[in-house]
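Here are my notes for you, written to be read with the model open beside them. I hope they make a useful tour.

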Amino acid sequence: MSVKYAPSPEVLARLDEASIEEALRAFYVTHGDSSLRPEEIKKIPQLAGILPVLARTRPDPLLVDAAAGRAPVGLMAARLLGWSKVVVIEREPARAKSARRAAARVPGVEVDVREGDVADPDVWPEGAEVVVALHACGGAFDGVVDQAVAASVPWVVAVPCCYANAVAFSDVARAWADELGVSPQAPVRRRFVESLIDTERTLRLEAAGYRVSVQAFVSPAVTPHNLLWKAWRVGPSRRSAEAKKRWERWVKGPS
Ligand SMILES: C[S@@+](CC[C@H](N)C(=O)[O-])C[C@H]1O[C@@H](n2cnc3c(N)ncnc32)[C@H](O)[C@@H]1O
């Protein structure tokens, strides 16, 4: 069973927005007179929300930052949490390259940037202890969950982004909406379908032996995609068997 860890107050004190901004500048600002990009500025409160969650998982774990983009989370974990084993997975070559360059800018930061798809088990390191995925868009969230479950990764900290049609369960979720006579009003139907997708993801983790907590990690004014899945592996139990039954019913779709 994964036991939650209590980081030192000094570590938690380093996770304020001013320290995060300073660390982002060290990685991403290439000239003294230039500044962070608007999307990096927008990340600051999100990082201030997610880093304390990571800090409470394990001391210096093997971290996978999945669907990492330019790897702000992995790089902040290396710099501000002092984590020494960080693997970044990103499928867009330009973003992977940018993450590599950013890591090389800061002495003492070692990050292994891997270009590839999160759904490909060969890209993942052996023995990952914590996986983080901030704003893993569409099916990337599901690829991360599936690989983490397959490898029994003890901790999963993940935030979904858009709910594209690429999400495998979305067709079944729409079939449930039809079966249950959900209003055809687009915003009402969309919320229902997204909630079913979130339900399927939660039950999938629980069925695989994880305890799951879903919580807002920043205000919705910062990002509308502000729900964070925190899952820690406790192994099979009566609870996971019940979750499996419910999960199977949802994924089968209406008969
Ligand atoms: C919304 S961005 C978030 C990036 C970063 N985690 C952050 O919070 O700044 C999503 C990233 O995931 C990458 N991505 C999407 N699907 C992926 C997949 N299947 N495998 C690897 N990376 C993926 C995209 O290229 C993009 O860089």
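The points below cover helix packing, the ligand shell and a few individual residues.

1. A word on the source before we begin: this is a predicted model. Please read every value below as computed from that prediction.

2. Let's begin with helix 2 (residues 17–28) and helix 3 (residues 38–55). Their axes come within 9 Å and cross at roughly 130°. Angles over 145 degrees would count as roughly antiparallel, and this pair is therefore oblique. The crossing of helix 2 past helix 3 is right-handed. On the helix 2 side, the contact is made by Glu17, Ile20, Glu21, Leu24 and Tyr28, and on the helix 3 side by Glu40, Ile44, Pro45, Leu47 and Ala48. Sorted by class, that contact has 7 nonpolar, no polar and 3 charged residues.

3. Helix 3 also packs against helix 4 (72–80). Here the axes come within 10 Å, with a crossing angle of roughly 60°. Roughly perpendicular would need 65 to 115 degrees and roughly parallel an angle under 35, so helix 3 and helix 4 are oblique to each other. This crossing, too, is right-handed. Helix 3 brings Lys43, Leu47, Ile50, Leu51 and Leu54 to the contact, where they meet Pro72, Val73, Met76, Ala77 and Leu80 of helix 4. The residues divide into 9 nonpolar, no polar and 1 charged. If you are colouring by contact, note that Leu47 of helix 3 appears in the contact with helix 2 and again in the contact with helix 4.

4. Which residues does Ala23 touch, once its neighbours within four places in sequence are left aside? They are Met76, Arg79 and Leu80. Ala23 itself lies in helix 2. It has 22 other C-beta atoms within 10 Å, and since 20 or more is the mark for buried, Ala23 counts as buried. Val106 is 83 residues away from Ala23 along the chain, yet their C-alpha atoms are separated by 9.4 Å. Two of the partners, Met76 and Leu80, also belong to the helix 4 side of the contact with helix 3.

5. Now to the helix 6 (residues 140–150) and helix 8 (residues 186–207) pair. The two pack at an angle of about 10°, and their axes are 11 Å apart. With the limit for roughly parallel at under 35 degrees, helix 6 and helix 8 therefore fall in that class. Phe141, Asp142 and Val145 are the helix 6 residues in the contact, and they meet Arg201, Arg204 and Leu205 of helix 8. By class, there are 3 nonpolar, no polar and 3 charged residues in this contact.

6. The ligand site may be the part you want most. There are 20 residues around the ligand, and those that come nearest are Ala67, Gly69, Arg91, Leu134 and Ala140. Which elements each supply at least two residues of the shell? They are helix 4, strand 2 (85–90), strand 4 (130–136) and helix 6. In class terms, the shell around the ligand has 11 nonpolar, 3 polar and 6 charged residues.

7. Two backbone angles are worth a look. Most residues other than glycine have a negative phi. Asp60, however, has a positive phi near 45°, and Ala71, also not a glycine, has one of about 70°. Asp60 is placed in the loop between helix 3 and strand 1 (62–66), and Ala71 in the loop between strand 1 and helix 4. Are these residues buried or exposed? Asp60 has 12 other C-beta atoms within 10 Å and is exposed, whereas Ala71, with 25 such neighbours, counts as buried.

8. Finally, here are two exposed residues with partners far along the chain. Lys42, in helix 3, has 12 C-beta neighbours inside 10 Å and so counts as exposed. Lys42 and Val222 are 180 residues apart in sequence, with 7.6 Å between their C-alpha atoms. Ser152 sits in the loop between helix 6 and strand 5 (155–160), and 12 C-beta neighbours inside 10 Å make it exposed as well. Its C-alpha atom is 8.7 Å from that of Ala128, and the two residues are 24 apart in sequence.

Definitions and conventions
Residues numbered from 1 in each chain as written. Predicted model: local features only at pLDDT ≥ 70, side-chain atom pairs only at ≥ 80, totals over all residues. Axes fitted to C-alpha atoms, helices over the stretch in contact; angles between N-to-C directions. Helix = DSSP H or I, 4+ residues; strand = E, 2+ residues; numbered from the N terminus. Contact = placed C-beta atoms within 7 Å. Nonpolar A, V, L, I, M, F, W, Y, C, P; charged D, E, K, R; others polar. Near = placed C-beta within 6 Å. Left-handed = near helix turned anticlockwise from the far one by under 90°.
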